[in-house]
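Subject: Structure handover

Hello,

Here is the structure I promised to pass on. My notes on it follow below.

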Amino acid sequence: MPVYNFKSMNPVPTASELIDIVLMRTQRRTPTVIHPGYKITRIRSFYMRKIKFTQQTISERLSNILMDFPRLNDIHPFYADLCNTLYDRDHYKLALGQINTARSLVDSIARDMLRMVKYGDSLYRCKCLKRAALGRMCTVLKRQKASLAYLEEVRKHLSRLPAIDPNTRTLLMCGLPNVGKSSFMNKITRGNVDVQPYAFTTKSLFVGHCDYKYLRWQVIDTPGILDHPLEERNTIEMQAIIALAHLTCSVLYFVDISEQCGYTIEQQCSLFRSIKPLFANKQLIVVVNKVDQQPWETLDPVKKDMVEDLVKESNCSLMTMSNISEHGVSEVKMAACDKLLESRVDSRIAGKKIDGVMNRLQVFYPKPRDHVKREAYVPDSVLNDKSSVPQRSRVGYAPTVNDDDDDVDMHDTPKLARELMWENGGPGVWAPDYRDIYDLKDDSWKYDAIPEIIDGKNIADFVDPDILRKLEELEREEEQIVSELEAAKMGEDPESDLDSEEEAAVEAIRERKKTIKMMKLANNSRNKPVVPLEIRGKAKDKHDKGALDGQEIKKKLDSLGIESEKIVERGRKMAVERGRKRERSVSRLRGAQDDAEMEDVVDTEGMSNKQLKKVKKDQQNAKKDELSRARSHSRPREPSQMGLKDEKSVNIALKLEREGRKAWVGGAGEGDQRKAVHLVKWCNTGKKRNGTHYQR
């Protein structure tokens, strides 16, 4: 069987075909519908999936191309040199290297664009990044146009190459053009090689098969070789040279003694001597062909001596043959096959392995010393011991054909560990105590505690009975050392001799130092927002009294050594100003319906009567201004005219409108084309009854 099957290689698409395959597959195998109203995370994953799928498809296609084509460094040298002759090794490797580089570039492009889409802030931007990614990948594929076209031509030529097995039994024919090689191949095989009366009819290697001694033989017909230097030989001739150089075979060198091929016997002998180094370690037969036109016996003695000198120089065989009269065809075939079989056997015997195999082989043939018939014998002691052994219980096992219930005495049979296990709770609950089967010098040692050995010493020999007391002393000493180190870090002496009041004072000083250090760090970072932006303006936790109660705030600041009067007063003023500002802005933008909300915003705690009257008067004036503005703009004066019951319902409706707007305004971008209303398919298709709008 051939080692390499080049006919199974898949066709290589062109650059444009590969782009169409990738884009069509991406369109078919990935979702195609996306709306601006979706969450931004869903939009990102939609476009990331398209980019990743395209990258995987391209990588898969290019990887299949690289795997189909053989690597010249991994295949047999015969095929490697044949590819080098036919397609140029460097050009072939460059084409495969460019495909591999294109695959790496596509992977890096996808990786970079996925990282950018991951942080896209709108559908428009994610879509642009997806288009850019697919465009860059297709550009990389377009640049591989020449490499893909070259690889497709190489694949077509490789698929037409004959399936040659370099390791099987092979007969190889060589010689000048038109000396009868193809005719001989047609005689001994079923290969239908074209035969014409002119040179170079055979332009490539042809393979046929024949049988000899129940073995399959491979017969190779090579193109003709001309007698000139190796550098001047063309591609057709180099195929024959490569086959001669790399195949272990039996070589048939054809000589046309009738000189009808167009070359003299002297030229044919000169070619033999020029390619003689290629015949080393091969079984060679010089075949004198066309003896029907010129018999070997009547040949000119000078020419006959030339051929015989070749045979003597190379120490090979000489045989005569004619393809037309079929004289000597079978003999040449059998001689070549026998020579190759003998050489293969000799090479194996001459190897290093044969001696080791023969030395290990020793065959004995026993011979009878008398006519006594000897049967199998079992000693009586073995039979007695076997009968005295009590039979085991079969409880818990499946019955067999050899079970005999009458012979089993359950009272004399000891219980097995399996029976004890089921009596004591089953598997996982009870386990046998294997210590009773220990084989020790003294049976009283069986149930002793197993000692723990480390470095060859028993741990029990080093156990100190006072270890707990010593451990407590070490812990107290460690605590004292830690306290001294803390005092040393604060620049103070150890307070081990201080009383309780002095220790409390020292603790207060330490707390004060920590507070000063924290304030210093806070002052150094004034250019940064103390409160993160994402939590600014959010409602405080109602359980945190210190965040809402002025007294708690003042108490906390006093404990930290900060003057709190001005801070609390400033906070109250800012709350009032913030309430007024909010009242004016909202009443101007949203209308008088939001006045009820403004009353909740103003913090009246801690305000004097004069300030309360002023706030109330401002609110009334704002209502009047808003009502007058509403009349001038022809707005509905009453809530009932808007379809709402009262003013409270108006406030609730406006609040719901604002909350609903937040849900999609934050996720939309400036380039999105928002479609607010989506028609539901199952509500707007199919037949409906006349005059009704029933939904299916």
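Let me start with the surface. Y434, I437, Y438, L440, W445 and I450 make a nonpolar patch there, of about 690 Å². Please keep in mind that this is a predicted model.

One member of that patch, Y438, sits in the loop that runs between α14 (417–423) and β7 (453–454). Its relative accessible area is 36%. Y438 is therefore partly exposed, as that class lies between 20% and 50%.

The surface also carries a patch of negative charge. Its members are E472, E475, E477, E478 and E479. Of these, E477 belongs to helix α15, which covers residues 467–489. E477 has a relative accessible area of 45%, so this residue is partly exposed too.

Next, the chain as a whole. It has 696 residues, and 29% of them are buried. The secondary structure comes to 22 helices and eight strands. The chain exposes about 49,200 Å². Carbon and sulfur atoms supply 52% of that area. Among contacts with a separation of 6 or more, 66% are between residues 24 or more positions apart.

Now a residue with little exposure. Q55 is part of helix α2, residues 40–68. Is Q55 buried or exposed? Its relative accessibility is 15%, and the cut-off for buried is under 20%, so Q55 counts as buried. Which residues does Q55 contact, once neighbours within four places in sequence are set aside? They are V106, D107, A110 and M137.

Last, some backbone angles to look at. Two residues come up here:

- D88 is not a glycine, yet its phi is positive, at about 75°. D88 is placed in the loop between α3 (77–87) and α4 (89–117). With a relative accessible area of 37%, D88 is partly exposed.
- E259 is not a glycine either, and its phi is positive at about 60°. The loop between β4 (250–256) and α9 (265–274) holds E259. E259 has 27% relative accessibility, so it counts as partly exposed.

To recap the places to open in your viewer: the nonpolar patch that includes Y438, the negative patch that includes E477, the contacts of Q55, and the positive phi angles at D88 and E259.

Best wishes

Definitions and conventions. Residues numbered from 1 in each chain as written. Predicted model: local features only at pLDDT ≥ 70, side-chain atom pairs only at ≥ 80, totals over all residues. Heavy atoms only, no water. Helix = DSSP H or I, 4+ residues; strand = E, 2+ residues; numbered from the N terminus. Buried < 20%, exposed > 50% of the residue type's maximum accessible area, 1.4 Å probe, protein only. Contact = heavy atoms within 4.5 Å. Areas by Shrake-Rupley, 256 points an atom, 1.4 Å probe, with all protein chains shown as cover. Patch = residues over 30% accessible without salt bridge, like charges linked within 9 Å, V, L, I, M, F, W, Y side chains within 5 Å. Salt bridge = Lys/Arg side-chain N within 4 Å of Asp/Glu carboxyl O. Lys, Arg positive; Asp, Glu negative; His and termini not counted. Charge placed at Lys NZ, Arg CZ, Asp CG, Glu CD.
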